[in-house]
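Morning, everyone. I'll take you through one model today, part by part. Please have the structure up on your screens.

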Amino acid sequence: MEKIIDEKQQGNALVMEPKTGNGKKLMIESYGCQMNFSDSEIVASILAKEGFDTTQNLEEADLVLINTCSIRDKAEQTVRKRLEKYNAVKKINPGMKVGVLGCMAERLKAQFLEEEKIVDLVVGPDAYKDLPNLINEVEEGRNAVNVILSKDETYGDISPVRLQSNGVSAFVSITRGCDNMCTFCVVPFTRGRERSRDPQSIMEEVNDLAQKGFKEITLLGQNVDSYLWYGGGLKKDFKNASEMQKATATNFAALLRMVAEAHPKMRIRFSTSNPQDMTLDVIEAMAKYPNICKYIHLPVQSGSDRILKAMNRLHTREEYFELIDNIRRLMPECAISQDMITGFPTETEEDHRDTLSLMEYVKYDFGFMFAYSERPGTMAARKLEDDVPEEVKKRRLTEIVNLQQKHSHYRTQQFVGKTVEVLIEKESKKSDLHWSGRTSQNTVAVFPKENYKVGDFVNVKINDCTSATLIGEAVGLSENN
């Protein structure tokens with residue numbers, strides 16, 4: 001489950017270099033997970049071929065698309081507020097068309113089109129190639145909708161338009177959909193079954209990024225560890241593959257090795273992992289190649305076996321500990337982060353204490369922690385009563401967040417006095433005299449600019465830290481430049 005929702009990025013409008021100049025303007029805003037931001041780049045690429053330039057100015061847009069998220073109720077409320085704003089602008093500019101893309105499109109198609117009549121166009125995550133036809137429908141005065149989920153669409157043949165942001169790091173999508181039916185999660189219903197992208201097309205995209213000077217890529221999927229290419233088709237149908245297909249299949253560890261060997265000076269990250277699908281060969285590949293970042297986002301959701309079972313998480317507390325122990329044994333320097341849901345239906349104080357004790361065992365570097373909110377359409381919403389009182393959820397969440405703060409600080413302190421490699425990404429938020437970048441462990445480090453520039457790999461001696469940031473000074477370029 002890719003739930004790393006970067007609050008700073010929410011609602012950013014995507015901007016590309018203007019190429020076409022035929023006057024059509026597209027504004028595309030993205031909400032939710034990295035997968036949505038990556039999908040917006042695919043949409044921009046498809047529409048660039050139709051003559052659309054991107055704009056950040058709502059008033060001049062001919063077409064406004066909002067790429068939506070259904071993970072939490074808050075995400076959906078935010079999108080509704082934006083749609084109200086678009087409709088106000090529509091009164092001034094009646095020619096403007098509005099479309100909803102992504103997970104909410106799949107979930108709320110009827111409401112958006114028929115009941116509320118607030119959009120012209122509804123397009124699910126697997127139907128982006130149909131956008132040109134759908135836009136023609138809308139231009140001829142008909143509402144257009146395509147939320148059909150596909151068994152084989154991976155957009156492997158579309159070269160995404162990159163955000164003109166830092167030119168340093170990029171996302172490369174490797175799988176779509178998810179087969180894990182966690183009872184709290186809406187993703188399998190909004191994004192469909194799991195399928196993997198042809199490794200050949202992944203390698204071409206990575207090679208292209210390397211040529212353009214990108215220094216870091218993140219292999220992206222709802223569940224990257226279950227990446228499996230055997231000539232196309234759904235992951236669940238692999239059991240029916242031919243002997244030849246099985247013998248020549250590429251799994252996630254093999255894909256990691258291919259990418260790491262092709263570009264030894266490029267950093268490789270991946271997100272998100274699922275504990276039950278993470279195999280030892282992935283950890284071994286990470287340990288072997290210095291350019292694979294020593295960081296794993298490993299959502300656990302709860303420390304209680306009883307709650308894990310109710311969530312249909314296909315691992316136990318013990319199995320999770322075994323995985324953590326293997327990571328620590330093969331890569332002692334590896335950072336680990338978590339996703340945690342507190343206040344899941346029927347959660348008791350004892351279950352909550354199990355979560356706290358699991359956190360004490362792992363001492364995560366950082367985490368993403370939420371109080372449970374019921375998502376319509378999920379198994380939990382159908383079968384379980386949301387019975388933990390709001391104030392109890394809040395208190396438990398506060399306890400989890402406070403404990404995580406303590407562990408985060410403990411982890412950053414381990415870097416003080418050490419020299420670490422940092423990839424410069426941007427100016428520090430707090431000071432225009434400092435650069436900001438991340439270590440292999442995904443920890444943010446800031447240091448004086450001197451004569452270094454964005455995209456440099458710099459060795460930084462760490463002198464101090466907060467619970468989230470390392471503070472240091474550069475001691476020279478690393479050998480990766």
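**From the barrel outwards**

Start with strands S18 and S19, the latter at residues 444-448: five bridges join the two, and they run antiparallel. One pair to click on is Arg438, whose bridge partner in S19 is Val444. Before we go on, keep in mind that this is a predicted model.

Now step back from S18 to S17. S18 covers residues 434-438, and four bridges tie S17 to S18, again antiparallel. Look at Ile424: its bridge partner in S18 is Gly437. S17 and S18 make a hairpin, with six residues between the two strands.

S17 has another partner, S20. Those two strands run antiparallel and share five bridges. Here Leu423 has Phe457 in S20 as its bridge partner.

So what do five strands in the order S17-S18-S19-S21-S20 close into? A barrel, and the pairing in the barrel is mixed. From one strand to the next, the twist averages 55°. As a reminder, strands of a sheet pair through backbone hydrogen bonds, either parallel or antiparallel.

Next, the domains. The assignment for the protein chain gives domain 1 at 7-146, domain 2 at 169-410 and domain 3 at 418-477. Between the C-alpha centres of domain 1 and domain 3, the distance is 36 Å.

Now to the other sheet I want to show. Six strands form an open sheet, and the pairing is parallel. Read across, the order is S2-S1-S3-S4-S5-S6. Which strands stand at the edges? S2, residues 52-54, and S6, residues 144-146. Each has a single partner strand, so one side of each is left without a neighbour in the sheet. The twist in this open sheet averages 20° from one strand to the next.

Zoom in on the S6 edge. S5, residues 121-123, runs parallel to S6, and three bridges join them. Val122 stands opposite Val145 in S6.

Helices pack here too. Helix H1, residues 34-48, packs on the sheet. H1 touches S1 (24-30), S2, S3 (63-68) and S4 (97-102). The direction of H1 makes about 155° with that of S3. Helix H4, residues 131-139, lies across S2, S3, S4, S5 and S6. H4 runs at about 165° to S5.

On to the spaces inside. How many cavities of 30 Å³ or more does the structure hold? Three. I'll show you the second largest cavity, at about 80 Å³. Its lining has 12 residues, and nearest the centre lie Cys33, Cys69, Ile71, Cys103 and Val187. Helix H5, residues 187-191, gives the most to this lining, with three residues. By type, the lining of the second largest cavity splits into six nonpolar, four polar and two charged residues. Domain 1 and domain 2 each supply at least three residues to that lining.

Compare that with an open space. The second largest pocket holds about 350 Å³. It is lined by 20 residues, and the closest to its centre are Pro290, Asn291, Glu421, Ser440 and Asn480. Which elements give two or more residues to the lining of this pocket? S17 (419-427) and S20 (457-465). We met both in the barrel. The lining of the second largest pocket divides into eight nonpolar, six polar and six charged residues. Domain 2 and domain 3 each give at least three of the residues in that lining.

Last, two backbone details. Most residues other than glycine have a negative phi, and most peptide bonds are trans. Ser271 and Thr272 are joined by a cis peptide bond, with omega about 5°. Thr272 sits in the loop between strand S13 (267-271) and helix H9 (280-288). Then go to Thr346. Its phi is near 70°, a positive value in a residue other than glycine. Thr346 is in the loop between strand S15 (335-342) and helix H12 (349-362).

To recap: a barrel of five strands with mixed pairing, and an open sheet of six strands with parallel pairing. The second largest cavity draws on domain 1 and domain 2, and the second largest pocket draws on domain 2 and domain 3. That's my tour.

Note on methods:
Residues numbered from 1 in each chain as written. Predicted model: local features only at pLDDT ≥ 70, side-chain atom pairs only at ≥ 80, totals over all residues. Heavy atoms only, no water. Pairing = 2+ DSSP bridges. Axes fitted to C-alpha atoms, helices over the stretch in contact; angles between N-to-C directions. Contact = heavy atoms within 4.5 Å. 1 Å grid on protein atoms, 1.4 Å probe; cavity = no way out; pocket = protein on both sides within 12 Å on 5 of 7 lines; lining within 4 Å. Points joined across faces, edges and corners; volume = space filled by probe spheres on them. Nonpolar A, V, L, I, M, F, W, Y, C, P; charged D, E, K, R; others polar. Domains from an automatic or database assignment.
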